[in-house]
Amino acid sequence: MKRYLIVLLCLTFAIFLMVSPATAAMKLTIGQGVEPVALDPANVTDNPSEEVCHHIYEGLVGFDEDMNIIPKLATDWSVSQDGKTWTFHLKKGVKFHSGAAFNAQAVKKSFDRILAGGLKRSSLYQPVISKVNAVDEYTVQFVLPQPFGPFLHTLCHTAGLIVDPTLIDAKADIGRKPSGTGPFKFKDWAVGDQIRLTAFDGYHGGRPKLDELVFKVVPEDTSRTMMLETGELDVAERLSPFDIERLKANKDIVVKIAPSLRVIYIGMNCQKGVTKDVLVRRAFNYAVDKKAICDNILKGMGVPLDTPLAPKTNGYAEVKGYSYNPQKAKELLAEAGWKDTNGDGILDKNGKKLSVNLMTPHGRYLMDYKVAEAVQAYLKDIGVDAKLVTMEWGSYLATLSKPLEENNVDMYLLGWSPSTGDADWVLRPLFHSSNWSPNDNNNFYKNPEVDKLIEEGMRTVDPEKRKEIYRKAQELIVQDASWITLYWMNNVTGYRNYVKGLKIIPLEMTFAHQAYIER
């Protein structure tokens, strides 16, 4: 009997240890508004995907919370006198999640894959890198065809994250089964629900404190707020402005509001449909009251903007755009030949109604659908029948990315945050005519003078000269009115007060590399 009691006590103690909070796995759950598209850093264009990628992979360099460039997988670097050769010395003893060694050959293989073309971010590096050389095991060189002012900024882009060479060799589905050198390893992906990562024990920077990191898809703003309040989410991104004051009053929750680089805009097809006419595009710009949207829908979380660059983006210029003037909008539409001939409130020309499809995501950006509804109402006020169309985020991006001959989108709401922090990665992908869909110029904008200015800005190293070049480009882009540029965003994130070490950078990404839970 005595022996039986001893065995029973031992079993009880063992069970106690298994469930003891002191030994419980440390798990952090982050609520995203939309689901990532893929986890291949060189083949994604959306921030939710990029955010997850930054926990799995690392680049040679990266940004800190203040957008300063810091070393990551490189220890140091130098550039040749002619500005065409960049040399990086690499950290030693670093391993990929597969166990493969990180070295110069791995860097070369990762960039050679991008430079070969066919990836969504090939256009980021193809124009600026001629070749990548592995000088020795821990030295790599980038040879440029010409000096490129924002080269280091461009290496900080998500596409510059280094992919495990074993995946490339195996022609694996990197987007679904990723591997890098980052602090977290991919575990699984329940499509439509969540992505789970686990701590990488062999991380060169020391094992992360979190055992598990979960990115959960919660499309509805109100749902993310409620799940944050109940503790189902530890972190909630892009909180509704209507919930901020209530959350601030909750002692268990921290609300962080900070400027971002993200610009929200309505793109318009410059080559097809009624928006091909610049007078129509300018009229649509005058029709929208951006300040009212920022005040009433975003509750100050957005700031009206006229140019495609947020003020904190390197190269931003204060260029005058379009004020809210519906009467001017009506005059421009009349000049373009649009009139209400039957008195139904919708303008027409040659027997055709002034009708457009206005695509919008639902949950990707702060109050995005409500903003699109407001734009729809403003257009109706000047005699335009705008029909809202929404769809799942991956399908949305795929629709916008169709080439011109297959693309029937008139107008679309989208956001852009340059992951390089520089004007080049706003103007080049979104406005250079070589980047029409399936690349990022989804509105098929083309102006030869703007093309020349963008190319000149790439070649110019002097910061002040670059700013002047980009100012001229922004003036022309605003004049051509291919966008209704709405506002730049404040980044609004909420998290439980027991979450420590979280970093939120202006690129609208939450970094949990050094996060932990302290109750």
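**Notebook: cavities and overall build**

I began with the largest cavity, which has a volume of about 80 Å³. The model I am reading is a predicted one. I then asked how many cavities of 30 Å³ or more a search of the whole structure finds. The count is 4.

*Entry: lining of the largest cavity.* I listed the residues that line the largest cavity: Asn285, Lys290, Asp306, Pro308, Gly321, Tyr322, Phe431, Ile477, Val478, Ala481, Trp483 and Thr485. Next I sorted this lining by residue class and got 7 nonpolar, 3 polar and 2 charged residues. Lys290 and Asp306 are in the lining, and under the classes used here Lys and Asp count as charged. I also looked up which elements supply at least two residues each to this lining, and noted helix H16 (463-480) and strand S19 (483-496).

*Entry: second largest cavity.* I went on to the second largest cavity, where I read a space of about 60 Å³. I wrote down its lining as Arg238, Arg262, Ile264, Tyr365, Leu366, Met489, Asn490, Asn491, Val492 and Glu508. Two or more of these residues come from strand S12 (253-268), and two or more from S19. Which element gives the most to this lining? I found that S19 does, with 4 residues. By class, I have the lining of the second largest cavity down as 5 nonpolar, 2 polar and 3 charged residues. Arg238, Arg262 and Glu508 are in that lining, and Arg and Glu count as charged. I note that S19 turns up in both entries: it supplies at least two residues to the lining of the largest cavity, and it gives 4 residues to the lining of the second largest.

*Entry: the chain as a whole.* I stepped back from the cavities to the chain and looked up its elements, which are 16 helices and 23 strands. The radius of gyration is 25 Å, close to the 24 Å that the globule rule gives for 519 residues, so I put the chain down as being as compact as a globular protein of that length. For the extent along the principal axes, I noted that the C-alpha atoms fill a box of roughly 100 × 60 × 40 Å.

*Entry: burial, contacts and surface.* I looked up what share of the 519 residues counts as buried, and the value is 56%. For contacts, I took those between residues at least 6 apart in sequence; 68% of them join residues at least 24 apart. Last, I looked up the exposed area of the chain, which is about 21400 Å². Carbon and sulfur atoms supply 52% of that area.

Key:
Residues are numbered from 1 along each chain as its sequence is written. This is a predicted model: local features need pLDDT of at least 70, side-chain atom pairs count only at pLDDT 80 or more; totals for chains, interfaces and linings use all residues. Side-chain values use heavy atoms; hydrogens and water are left out. On a 1 Å grid over the protein atoms alone, a cavity is a set of points where a 1.4 Å probe fits but cannot get out, and a pocket is an open set with protein on both sides within 12 Å along at least five of seven lines; lining residues have an atom within 4 Å of a point. Grid points are joined across faces, edges and corners, and a volume is the space filled by probe spheres set on the points. The radius of gyration is taken over C-alpha atoms; the globule rule is 2.2 Å times the number of residues to the power 0.38. Buried means under 20% relative accessible area, exposed over 50%, partly exposed in between (1.4 Å probe, protein chains only). Contact means heavy atoms within 4.5 Å. Accessible areas come from the Shrake-Rupley method with a 1.4 Å probe; for residues, only the protein chains shown count as cover.
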